[in-house]
Amino acid sequence: MEWFAVDLIKQAGELIRREIDQSYEVERKTGKGDLVTEIDRAVEQLIVRRIQKQFPDHQIMGEEGTTETPDTLSGTVWFVDPIDGTLNFIHQKRMFAISVAIMVDGVVEYGFVYDVMADEMFMARKGYGATLNGRTLTNLHEHHVRDAFLSMNATWVTPNHQIAPEILAPIVRDSIGTRAHGAASLELAWLAAGRVDGYITMRNMPWDYAAGKLLVEEVGGRVVSLYGEPIRYDGRTSVLAGSESFVNDVIKHYVIAKGVTAEAKPDLQIVEHES
Ligand code: 2AM
Ligand code: CA
Ligand code: CA
Ligand code: CA
């Protein structure tokens, strides 16, 4: 299954590299920052068709809607984001990834994040560690917010999100620096590779984080919701990722200290605006 997935992802990567300089259609989904291109759809179709042919009984959850949300997470489920970082793909022609995770009976067993233009394949297998282009990734160094270099989207500290800025602005201020890379799976992969020390987002879907989460966990890191709850795979969630010390520091000193607990979470209404 592992080599089938790698071959499939590399083939999809070739398709993207071939098409990236051609003209293609771009469509709006919910707003001007939420786009999908013909290439996103073509790549998802390529991936989905090959999986269906090889493993007809597997379920697939893909971002671009060629598949249905599975009723149950039992059996084998593939989470597929054909282009994670579509805005980067369109505007920068780099720093986007194909993200694929394979879940077996509710447990993510394999995660793949492929940076298409840098030709970097990040892979993890549960219990067996993580690699980047075949080289083993070493365990994360412990960090606290005050000595962490973070990856986080600036949207979350703007006032149009109710509680989020109150929690996140102090983290931005106290850390040694923040970068917004714009591709969740790659930000988690970079965390696993030690290129950043933490990643926070208020809203991700399973195809964004399933593969990257396993990568981070396989180098000793922790990935939970912003309130420290286990991550679910059935819809949107916030994501807080980093070393054990970083994650504990954020929850204890920035989230709980603000009086925000998992129970109080309904207060944390994300106002949809999609700039
Ligand atoms: P995408 O490019 O595949 O849409 C941008 O900060 C990151 O958040 C990207 O990984 C992007 O994935 C993801 N993202 C963008 N809009 C989103 C939404 N409405 N819900 C969840 N994730 C989103
Ligand atoms: Ca999208
Ligand atoms: Ca995505
Ligand atoms: Ca996508």
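A nonpolar core, as I will use the term this morning, is a set of buried Ala, Val, Leu, Ile, Met, Phe, Trp, Tyr and Cys residues joined through side-chain atoms within 4.5 Å. With that in mind, and remembering that what we have in front of us is a predicted model, let me begin with the interior of the protein.

The largest nonpolar core here has 37 residues, and those with the most contacts inside it are F79, V113, F122, L191 and L215. Several elements each supply at least two residues of this core, among them the strands β4, β5, β6 and β7 and the helices α5 (184–192) and α6 (206–217). There is also a second, separate core, this one of 33 residues, which includes V80, I98, Y114 and M121.

What does V113 touch, if we do not count residues up to four places away in sequence? Its partners include A97, I98 and S99, then E120, M121 and F122, and further along the chain S185, L186, A189, A211, G212 and L215.

Let me turn now to the calcium ions, starting with ligand 4. The calcium ion (ligand 4) is coordinated by E63 and D81 through OE and OD atoms, with D81 listed twice, and by the O atom of I83, at 2.1 to 3.2 Å. Along the sequence, these donor residues follow the spacing E-x17-D-x1-I. Two of them come from distant parts of the chain, since E63 sits in the loop between β3 (59–62) and β4 (76–84) while I83 belongs to strand β4, 20 residues apart. Their surroundings can be described as well: E63 is partly exposed, with a relative accessible area of 25%, whereas I83 is buried, at 1%.

E63 also bridges the calcium ion (ligand 4) and the calcium ion (ligand 2), and these two ions lie 4.0 Å apart. The calcium ion (ligand 3), for its part, is separated from the calcium ion (ligand 2) by 5.2 Å.

Which residues coordinate the calcium ion (ligand 3)? They are D81, D84 and D208, each through an OD atom, at 2.1 to 2.3 Å, and their spacing along the chain is D-x2-D-x123-D. D81 is buried, with a relative accessible area of 1%, and D84, at 6%, counts as buried too.

Next, a helix that we can check by its length. Helix α7 (residues 244–255) has 12 residues, which at 1.5 Å a residue should span 16 Å, and its end C-alpha atoms are 15 Å apart, so the two values agree. Among the buried residues of this helix are F246, V247, V250, I251 and Y254. The buried residues of α7 pack against β10 (149–152), α4 (164–174), β12 (198–204), β13 (222–224) and β14 (237–242).

On the aromatic side chains I can be brief. The structure holds eight aromatic pairs, and F4, F55 and W78 form one aromatic cluster. R125 lies over the face of Y128, at 4.2 Å from the ring centre.

I will finish with the backbone. Most residues other than glycine have a negative phi. M95, however, has a positive phi of about 60° although it is not a glycine; M95 is found in the loop between α3 (86–91) and β5 (97–104), and it is partly exposed, at 22% relative accessibility. D119 likewise has a positive phi, near 50°, and its place is in the loop between β6 (107–115) and β7 (120–125), where D119 counts as partly exposed at 40% relative accessibility.

Methods: Residues are numbered from 1 along each chain as its sequence is written. Chains are lettered from A and ligands numbered from 1 in the order in which they are written. This is a predicted model: local features need pLDDT of at least 70, side-chain atom pairs count only at pLDDT 80 or more; totals for chains, interfaces and linings use all residues. Side-chain values use heavy atoms; hydrogens and water are left out. Donors are N, O and S atoms within 2.8 Å of the metal (3.2 Å for Na, K and Ca); water is not among the atoms, so sites may look incomplete. Helices (H or I, at least four residues) and strands (E, at least two) are DSSP runs, numbered from the N terminus. Buried means under 20% relative accessible area, exposed over 50%, partly exposed in between (1.4 Å probe, protein chains only). Rings of Phe, Tyr and Trp (its six-membered ring) pair if their centres lie within 6.5 Å; planes under 30 degrees apart count as stacked, over 60 as edge-to-face and the rest as tilted. A charge sits over a ring if NZ of Lys or CZ of Arg is within 6 Å of the ring centre and within 35 degrees of the ring normal. The expected span of a helix is 1.5 Å times one less than its number of residues. Contact means heavy atoms within 4.5 Å.
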